[in-house]
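Visitor: I have a structure open and would like to learn how to read it. Could you walk me through it?

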Amino acid sequence: MSETTVLPMARALNAGLRQALIDDPKVLLMGEDIGPLGGVFRVTEGLQAEFGDLRVRDTPLAESGIVGTAIGMAMRGYRPVIEIQFDGFIFPAFDQITTQLAKMRNRHEGQMTMPIVIRVPYGGHIGAIEHHQESPEAYFAHTPGLRLVSPSTPNDAYWMIQEAIRSNDPVLFFEPKSRYWPKGEVNFESSAAGLHQARVVQTGDDVTVVGHGAMVSVLLQAAKVAATEGTSIEVIDLRSLSPIDYGPILASVQKTGRLVVAQEAPGSVSIGSEIAATVAERAFYALQAPVLRVSGFDVPFPPAKLETLYLPDADRILEAVDRSLAY
Amino acid sequence: MPSSAPEAPPEEQMVQLLTAEGTFQPSASAEAYLPYVEKLADEDHQRFYRDMVVVRRFDSEAANLQRNGQLALWPPSSGQEAAQVGSGHAAKPQDHIFPSYREHAVAMIRGVDLLRLIEMMRGNSHGGWNPSEHGNFHLYSVVIGTQTLHATGYAMAMQLDGATNTANPDTDEAVLVYFGDGASSQGDVSEALVFAASYQSPQVFFLQNNHWAISVPVTRQSRTPLYRRADGFGMPGVRVDGNDVLASYAVTAKLLDDARAGQGPALVEALTYRVGAHTTSDDPSKYRTASELESWIARDPIARMRTWLEGRGASAAFFAGVEDEAADFAADIRRRTVALGPPPTAKMFDHVYAEPHPMMAEQSAWLSAYEASFVSGE
């Protein structure tokens, strides 16, 4: 394989999962329709044919059962990688994730590891029906014992899925499903950053904007428009939602004095709220304006014909940037 | 049979070897299990009796410790000794046991220092033992029914490892998972039965029907005898007299052997009774009748085993020795319980994550500095 290849994220994830299955015989995939079908998003396409139906396992249709049995397999040394079919379908497994998976190592006082990855296609922009477009990451970021990451590019997806699988902690791997098919360059030789590092995607001087997953491309779009109006925006891709890598965020705020945090999820008690609180605690004197959140509204994800009104777009980012600059 | 237990049809009579009066009189349904009980020697019978007596004494000591303010809570196992001791001895050393939170006898049989259970109920730990160093006895599980899925995943991993179904019953592994009549209503238990049947994982689901989920009778959980649910999931279901230690042993041993030989999972419903409270925080007199309780005390598992052993010539010295051993066991638990100090602060932070985590480092350092500020600033 050449050093870099242009791939969509779904294919990059497929390549990353394939590499993980090759590297470690203890890695196995579990989920609904991930076998012959290759998953509803085709992320696992071809993997069952290559690695067999014991390592790439179609399960009964029961999310709690998938996570609960994966916990049992991890207890015996396996490294299960679970696919939850859609964001809104993770809730039947909520108890096994939060009361069991997250606490299992602590309950054993360190004498048990839970190297489980739960892949969650999440977010809107795909025009789907109810329960298929949600951003439930804050529920899990609130739970000690879990790690949460979300790639925004095919390159990050390829590397981060492998790093998540190598982690000895449970990792919720949020895949921005609206970014599954746009292509990007994947460097198969080396990773750009560690699993839990935020990354400055574009440097700027006037306002810092932070987001994750599909929001990063919206932030870049907003930055491009702002530049034509003479505003220089620094864009940071969180990559890791738990823990959050505050170093690059605080460094950026020291420079710009202004921060806008954007997310598809409802804003109340969200990842963005946490960042706003922490930046206020740690960089109060650097701030020239309050930290502003741009979020989905605090309503259930609306019927898809209304989703463009619900989801923050570049204009809503720019509106917040303008408010920040007006302080 | 009390009115609260759904009745089985006559042809599916529960498996019983020892009657409530202590007579060895196998039910017609017991035939397939007789070879297992025939292999037991006198010392096995005496071990079963000893374990039941010791764990009952331990259990009452623990309840007293809670009354003395030494424990936050205690879930008594009194009345369920035969179901637990019989099934616990049926498991082989290579088997893995996934308990609920009342399987004190099984913990003892598998070599767990019962002070570990006391530490949990005192507020010193959430468990904290390594199952692989403690008889493959996994941690207690407090969220009802969750452990049935972990057990099933573990059994599926045995299959992946080729650790089962190799025609060697001395090394082939299986899983024994405990839950109760209340848990039978949980979705996780249904999902575990579905996964186990689907993958034919080597395991026995051991349902202790003790007739009460705190204050709610089993009739609220099920209109059908619980063992018959197995049929719907596609596995054998057997109802056993859970107050008969020999029957509980034989049925579990056979079904575990069947599972390790590749015949897939099975469900056992052990009919027993929670003679004590759900936990020390409840009052059974508010929800059940004295006559029901008395009817079950008349079926006591220890009394009937004693009668049977006496009939087989066990000496008065044997029974006295067991009583002494039980008293010593309880006294040792009491002595060590009151000597327990608080757990180390580090227990809060050190085991949340396997890999370094900035919030753990930051918050544990902050707490240390905060605590130190009181010492130095007095």
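Guide: We'll go through the interface, the sheets, the salt bridges and some backbone oddities.

Guide: First the ground rules: this is a predicted model, so local features need pLDDT of at least 70 and side-chain atom pairs count only at pLDDT 80 or more, while totals for chains, interfaces and linings use all residues. Residues are numbered from 1 along each chain as its sequence is written, chains are lettered from A and ligands numbered from 1 in the order in which they are written, and side-chain values use heavy atoms, with hydrogens and water left out.

Visitor: Fine. How many residues does each chain put into the contact?

Guide: Contact here means heavy atoms within 4.5 Å. By that rule, chain B gives 45 residues and chain A gives 45 residues.

Visitor: And what area is buried between chain B and chain A?

Guide: Buried area is the accessible area (1.4 Å probe) that two parts lose on being put together, summed over both. For chain B and chain A that comes to about 3600 Å², and carbon and sulfur atoms give 56% of it. On the chain B side, H150(B), L160(B) and H351(B) lose the most area to chain A, together 17% of what that side buries.

Visitor: What about salt bridges and polar contacts across the interface?

Guide: A salt bridge needs a side-chain nitrogen of Lys or Arg within 4 Å of a carboxyl oxygen of Asp or Glu. The rule finds 5 of them between chain B and chain A; one of the pairs is E173(B) with R76(A), at 2.8 Å from N to O. A polar contact is a pair of N or O atoms within 3.5 Å; within protein, one must be able to donate a hydrogen and the other to accept it, and residues adjacent in sequence count only if both atoms are side-chain atoms. There are 24 residue pairs in polar contact between chain B and chain A, both residues at pLDDT 80 or more.

Visitor: Which element gives the largest share of the side of chain B that touches chain A?

Guide: Elements are DSSP runs numbered from the N terminus: helices (H or I, at least four residues) and strands (E, at least two). The largest share, 11 residues, comes from α6(B).

Visitor: Now the sheets. In what order do the 7 strands of the open sheet in chain A run?

Guide: Two strands pair if DSSP finds at least two bridges between them. The order is β3-β2-β4-β5-β7-β6-β12 in chain A, with mixed pairing. β3 (56–58) and β12 (240–242) of chain A stand at the edges with a single partner strand each, so one side of each has no neighbour in the sheet. The twist averages 20 degrees from one strand to the next; axes are lines fitted to C-alpha atoms, for helices over the stretch in contact, and angles run from 0 to 180 degrees between N-to-C directions. Inside the sheet, β5 (117–122) and β7 (171–176) of chain A run parallel, joined by 6 bridges, and V117(A) has V171(A) as its bridge partner. Helix α1 (9–23) of chain A lies across β2, β3, β4, β5 and β7 of chain A, at about 135 degrees to β2(A).

Visitor: And what is the strand order in the open sheet of 5 strands?

Guide: That one reads β9-β11-β10-β13-β14 in chain A, again with mixed pairing. Its edge strands are β9 (199–202) and β14 (292–296) of chain A, each pairing on one side only. β10 and β13 of chain A run parallel with 3 bridges, T208(A) being partnered with L259(A). Helix α8 (215–228) of chain A packs on the sheet, and its direction makes about 170 degrees with that of β11(A).

Visitor: Why does the pair of D87(A) and K177(A) tie parts together?

Guide: Their salt bridge has its closest N and O atoms 2.5 Å apart. D87(A) lies in the loop between β4 and α4 of chain A and K177(A) in the loop between β7 and β8 of chain A, so the pair ties together parts 90 residues apart in sequence.

Visitor: Where should I look for backbone oddities?

Guide: Most residues other than glycine have a negative phi, and most peptide bonds are trans. D33(A) is not a glycine, yet has a positive phi of about 65 degrees. The peptide bond from S242(A) to P243(A) is cis, with omega near -5 degrees, and P243(A) is in the loop between β12 and α9 of chain A.
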